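Trainee: Got a minute to go through this model with me? I'd like to see how the inside is put together before I move on to the surface.

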Amino acid sequence: MPAFKSDFLRTLSERGFIHQISDETGLDDLFAKETVTAYIGFDPTAPSLHAGGLIQIMMLHWMQQTGHRPVALMGGGTGMVGDPSFKDEARKLMTLDTIASNIASIKKVFSNYLTFGDGPRDALMVDNGDWLRKLNYLEFLRDVGAHFSVNRMLSFDSVKLRLDRQQSLSFLEFNYMVLQAYDFVELNRRYDTRLQMGGSDQWGNIVSGIDLGHRMGTPQLYALTSPLLITASGAKMGKSLNGAVWLNPDMLSAYEFWQYWRNTEDADVGRFLKLYTTLPLDEVARLEALGGSEINDAKKVLATEITAMLHGRVAADQAAETARKTFEEGALSESLPTIEIAAAELAAGMGILALVVRAGLAASNGEARRQVQGGGVRLNDEAISDDRLNVTEDALTSEGVLKVSMGKKKHVLLRPV
């Protein structure tokens, strides 16, 4: 990467956020001389974003921290179509009510990373449904569609890979890149937005927006993408053995979120500290250099700092303390993930395999049986070797719960109600 003169691009470069830039010199000059407005789009496919989208939120965070104006664009319009980029099949279409509900839920996270308001550098949150749902189809085809080459659209990797595998790509999905390109033009007209950022899989869509802007008379627009992130072992970011690592606290507790980052692979610690925390780079370098068992201290710092940005410092420190008590002292903590079960069900007796599945520690009785037989399951911190064990209310701790554990790091409380 070149040595950037603008604080924003220099920060992103040093911390590992940059994969591609459409015009490095031009964008660097723009950031160095004026307050720039840039955006990232978020499609409301679920009630929460997951950890895989955190890199995009951090890019907006650093933009504001270096004196510029970030825009979080909610896909109230494009969400009706669904982004086909690098997907094997079409997304399930959502109703307008589902889209609105998802957007309302997703919005809650952003205020932890951005300061919203009416000032020149305050962040904005806008919804592309405000303009896309009002479009007249024939006028849009004539005024916007005429600028698109189907030949060029077919050459984009996101489309080409789907077609090469002989997987259907609907006309509806094919329109997505046209709508996304038009978003860029509309945001420039409304807010003087000059830059669109996104993951590397969005490069073709973003460049289409730049080209459309040029044809429709906007000033020079720019593209910046971040690298596609996978862990050192090749796993996709934002996914855990138990499913997506959601950002909304009602879908994943602060403790479980902390645990996800605490379990980071050794080789990823330095990279993740740069991307997902605001720690100074000299402190990152010190933590990254820790060897042997000390790398676990760096992982705890990583987990606590990321959790503090999302859930607040108090919740992060509480998660770290819960983990310390659970793993280092073997103590029972009320902060552990808790699942309610029917008291009558427990009174009648539940098999240990059913309990493990109910706790979410195994996907099936067969998987739970293998874990029991391998010595990986504990009930109230006692190892279980009998996969036919029948558990009743007599097993409840003095706190009135059952603590079900798998391995050293997975613990769940089952509370009868």
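Trainee: Let's start with α12. Is that helix mostly enclosed or mostly open?
Mentor: This is a predicted model, so keep that in mind throughout. In it, α12 is largely enclosed by the rest of the structure, because eight of its nine residues are buried.

Trainee: Which residues of α12 are the buried ones?
Mentor: Ala254, Tyr255, Phe257, Trp258, Gln259, Tyr260, Trp261 and Arg262.

Trainee: Tell me about Trp261. What does it touch, leaving aside its neighbours within four places in sequence?
Mentor: Tryptophan 261 is in contact with Ala51, Leu54, Met237, Phe272, Tyr276, Lys299, Leu302, Ala303 and Ile306, once those neighbours within four places are left aside. Its relative accessible area is 0%, so it counts as buried.

Trainee: Phe272 is in that list. How are the rings of Trp261 and Phe272 arranged?
Mentor: They make an edge-to-face aromatic pair, with 5.9 Å from centre to centre and 85 degrees between the planes. Tryptophan 261 sits in helix α12 and phenylalanine 272 in helix α13 (residues 269-276), so the pair ties together parts that are 11 residues apart in sequence. Phenylalanine 272 is buried too, at 3% relative accessible area.

Trainee: Which residues do ring pairs link into a cluster there?
Mentor: Phe257, Tyr260, Trp261, Phe272 and Tyr276 are linked that way.

Trainee: And how many aromatic pairs are there in total?
Mentor: The count is nine. One of them is tyrosine 39 with phenylalanine 184, and that pair is edge-to-face because the planes are at 70 degrees, with the ring centres 5.6 Å apart. This pair links distant parts of the chain, as tyrosine 39 is in strand β2 (residues 37-42) and phenylalanine 184 in helix α10 (residues 176-191), 145 residues apart.

Trainee: Buried or exposed, those two?
Mentor: Tyrosine 39 is buried at 1% relative accessible area, and phenylalanine 184 is buried at 0%.

Trainee: OK, zooming out to the nonpolar core. Which residues touch the most other members of the largest one?
Mentor: Phe110, Met197, Leu224, Trp261 and Tyr276, out of 69 residues in that core. Helix α3 (residues 54-65) gives the most to this core, with eight residues. There's also a second, separate core of 30 residues, including Val126, Leu132, Phe148 and Met153.

Trainee: Why would nonpolar side chains end up together like that?
Mentor: As a general point, nonpolar side chains tend to be buried together in soluble globular proteins.

Trainee: Then what about nonpolar residues on the surface? Which ones make a patch?
Mentor: Tyr137, Leu138, Leu141 and Phe171 make a nonpolar surface patch of about 470 Å². Helix α6 (residues 137-143) gives the most to the patch, with three residues. Leucine 138 is in that helix, and its relative accessible area of 65% makes it exposed.

Trainee: Switching to charges. How many salt bridges?
Mentor: The count is 12. One of them joins aspartate 266 and lysine 299, at 2.6 Å from N to O. Aspartate 266 is in the loop between α12 and α13 and lysine 299 is in helix α15, so that salt bridge ties together parts 33 residues apart in sequence.

Trainee: Lys299 was among the Trp261 contacts, right? How buried or exposed are the two partners?
Mentor: Yes, Lys299 is one of the residues tryptophan 261 is in contact with. Lysine 299 is buried at 8% relative accessible area, whereas aspartate 266 is partly exposed at 48%.

Trainee: What about a salt bridge inside one helix? Where do Arg190 and Glu186 lie?
Mentor: Both are in helix α10, four residues apart, which means about one helical turn separates them. Their closest N and O atoms are 2.8 Å apart. Arginine 190 is partly exposed at 41% relative accessibility, while glutamate 186 is buried at 10%.

Trainee: One more: which residue does Asp387 form a salt bridge with?
Mentor: Arginine 369, with the closest N and O atoms 3.7 Å apart. Aspartate 387 lies in the loop between β12 and β13 and arginine 369 in helix α19 (residues 365-373), so the pair ties together parts 18 residues apart in sequence. Aspartate 387 is buried at 17% relative accessible area, and arginine 369 is partly exposed at 34%.

Notes
Residues numbered from 1 in each chain as written. Predicted model: local features only at pLDDT ≥ 70, side-chain atom pairs only at ≥ 80, totals over all residues. Heavy atoms only, no water. Phe/Tyr/Trp six-rings, centres within 6.5 Å; stacked < 30°, edge-to-face > 60°. Helix = DSSP H or I, 4+ residues; strand = E, 2+ residues; numbered from the N terminus. Buried < 20%, exposed > 50% of the residue type's maximum accessible area, 1.4 Å probe, protein only. Patch = residues over 30% accessible without salt bridge, like charges linked within 9 Å, V, L, I, M, F, W, Y side chains within 5 Å. Areas by Shrake-Rupley, 256 points an atom, 1.4 Å probe, with all protein chains shown as cover. Salt bridge = Lys/Arg side-chain N within 4 Å of Asp/Glu carboxyl O. Core = buried A, V, L, I, M, F, W, Y, C linked by side-chain atoms within 4.5 Å. Contact = heavy atoms within 4.5 Å.
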